[in-house]
Amino acid sequence: MNEDKPATQHQDHSHHEHHHDHDHSHLDETALRVRALETLLLDKGYVDADALDKLIENCETKIGPRNGAQVIARAWMDTSFRQWLLDDATAAIASMGFSGRQGEHMVVLENTDEVHNMVVCTLCSCYPWPVLGLPPSWYKSAPYRSRAVSEPQQVLAEFGVSLPEGQQIHVWDSTAEVRYLVLPQRPAATESLDERQLAQLVTRDSMIGTGLPLSPDQVDLNDSPEHAS
Amino acid sequence: MNGVHDMGGMSCHGPVEVEENEPIFHSDWERRVLGLVLAAGATGQWNLDISRYARESLPPSQYLSIGYYRIWLLGLEKLLLQSGMISEEELASGRMEVKPIEVNRVLQAADVDAALAAGSPVTREPALPAQFASGQSVRVKNYQPTTHTRLPAYIRGHIGKIVRVHGCHVFPDSHALGLGEDPRWLYCVRFDADELWGERAESANGAIHVDCWEPYLQPVNS
């Protein structure tokens, strides 16, 4: 599960206290309700206990932004892979072993000097699971869903991102089963880095479009491969 | 439906609150809800669109205030009741009181990896040729069904340009009502920011892209 660590570090954000439910009696009530429902579904034979555990384990360990970071790093290194990714993202991403639920129909959006792409699901929480994992709370929240389409520049400012004058913002609202992944621009001064090191620069938010990749001086590139991959 | 879930362009929801190093789940019950939603969904007693419809038709004040995993939990309870898999009494007591119904399948642990890796692709063979092509201007219909739709309100009536033809996809508006897959052509439509937001647009050259099924669109008469 620490697979996700590097991409969930956001040195570039302005942070806010997240307002979760602090009413513990309410929390306990929900926990009890969920436990009762689980017991009922197991007793009635609709759900297999081992399958349930395995589904959860899959979501916690097999999917996550480290997968997406590997895809982006490869695209930065290999121009023919990059072209394949832009032409047929589903197949190119599947070739790296990432496919399936909530990533059945992938489209990759390339950031350029002219265009910055940013992805939202205004209607619910659609998100490319195989390459990014489960969505963070803010992605599913009313502030992001309401404002990403109408005030993208201001939303980006809240993430600490200000774009160069003249770079247009293209917002993509995931209303269908097509899942969008942003291919961020390769940071400067990374010519000497290998694919594994490049992947360390790719943050989750840079693949949603609410962030930019890290620069090489922001990460410890000698970090062990276990952390990087 | 004109639901509270359809949030694009709404005001007064405040700033985006980012939690640093957010864990995948904030409590064990969230983890269990996710697992139960996936496992119960695998019975095949409903489809993805029916489950979205169940969540977005929760009472609006509840939808806005309870957090995403509670929305999933209430949605799941509703689906289990609707499909006759559990009774109100069982939901209240947590104990089996009526015999289980026969379900299409029960996902086994050995099949989990394969099921997740396969996913559920929604592209289908088209019955008819696509009515629109890339580069063409289209107007979004003033389409307001009272049931599930994936047409967000903020693009209704507006003109955009088709930038990509995604193929023929299962049509959620029919699928959510149990009317079959009813596959329709799906297009990615680009709208200029000032077309959608008028004077409120942050920049004249921004663009918003929305995936729209053919029944949502009409030709623009020149």
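These questions and answers walk through a predicted model, with chain B in focus.

Student: How many helices and strands does chain B have?
Tutor: Start from the N terminus of chain B. The elements run α-α-α-α-α-α-β-β-α-β-α-β-β. The count for chain B is eight helices and five strands.

Student: What percentage of the residues of chain B count as buried?
Tutor: The C-alpha trace of chain B spans about 65 × 45 × 35 Å along its principal axes. Buried here means under 20% relative accessible area. Of the 222 residues of chain B, the buried share is 49%.

Student: What share of the contacts in chain B with a separation of 6 or more comes from residues 24 or more positions apart?
Tutor: Contact means heavy atoms within 4.5 Å. Take the contacts in chain B with a separation of 6 or more; residues 24 or more positions apart account for 65%.

Student: Which helix gives the most to the largest nonpolar core?
Tutor: The largest nonpolar core has 129 residues. I93(A) and Y144(A) have the most contacts inside it. The top contribution is nine residues, and it comes from helix α4 (residues 68–82) of chain B.

Student: Which residue of chain B does Y144(A) touch?
Tutor: Leave out residues up to four places away in sequence. Y144(A) then touches several residues of chain A, including W138(A), Y139(A), F159(A) and I208(A). From chain B, Y144(A) touches V16(B).

Student: At what angle do α2(B) and α4(B) pack, and what is the handedness of the crossing?
Tutor: Helix α2 of chain B covers residues 48–56. Its axis and that of α4(B) lie 8 Å apart. The angle is about 115 degrees, and the crossing is right-handed.

Student: How do the residues of the contact of α2(B) with α4(B) divide?
Tutor: On the α2(B) side are I50(B), S51(B), A54(B) and R55(B). They meet I71(B), W72(B), G75(B), K78(B), L79(B) and Q82(B) in α4(B). By type, the split is five nonpolar, three polar and two charged.

Student: Why are the buried residues of α6(B) on the same side?
Tutor: The buried residues of α6(B), residues 109–118, are A109(B), V112(B) and L116(B). They sit on the same side of α6(B) because they cover an arc around the axis of only 10 degrees.

Student: Which residues are exposed on the other side of α6(B), and which helix of chain A helps cover the buried ones?
Tutor: On that other side, the exposed residues are A110(B) and A114(B). What covers the buried residues of α6(B) includes a helix of chain A, residues 49–61. That helix is α2(A).

Student: Which residue just after α6(B) takes a positive phi?
Tutor: Look just past the end of α6(B). The phi there is about 60 degrees, and the residue is G119(B).

Definitions and conventions:
Residues numbered from 1 in each chain as written. Chains lettered and ligands numbered in written order. Predicted model: local features only at pLDDT ≥ 70, side-chain atom pairs only at ≥ 80, totals over all residues. Heavy atoms only, no water. Buried < 20%, exposed > 50% of the residue type's maximum accessible area, 1.4 Å probe, protein only. Helix = DSSP H or I, 4+ residues; strand = E, 2+ residues; numbered from the N terminus. Arc of directions from axis to C-beta. Core = buried A, V, L, I, M, F, W, Y, C linked by side-chain atoms within 4.5 Å. Axes fitted to C-alpha atoms, helices over the stretch in contact; angles between N-to-C directions. Left-handed = near helix turned anticlockwise from the far one by under 90°. Nonpolar A, V, L, I, M, F, W, Y, C, P; charged D, E, K, R; others polar.
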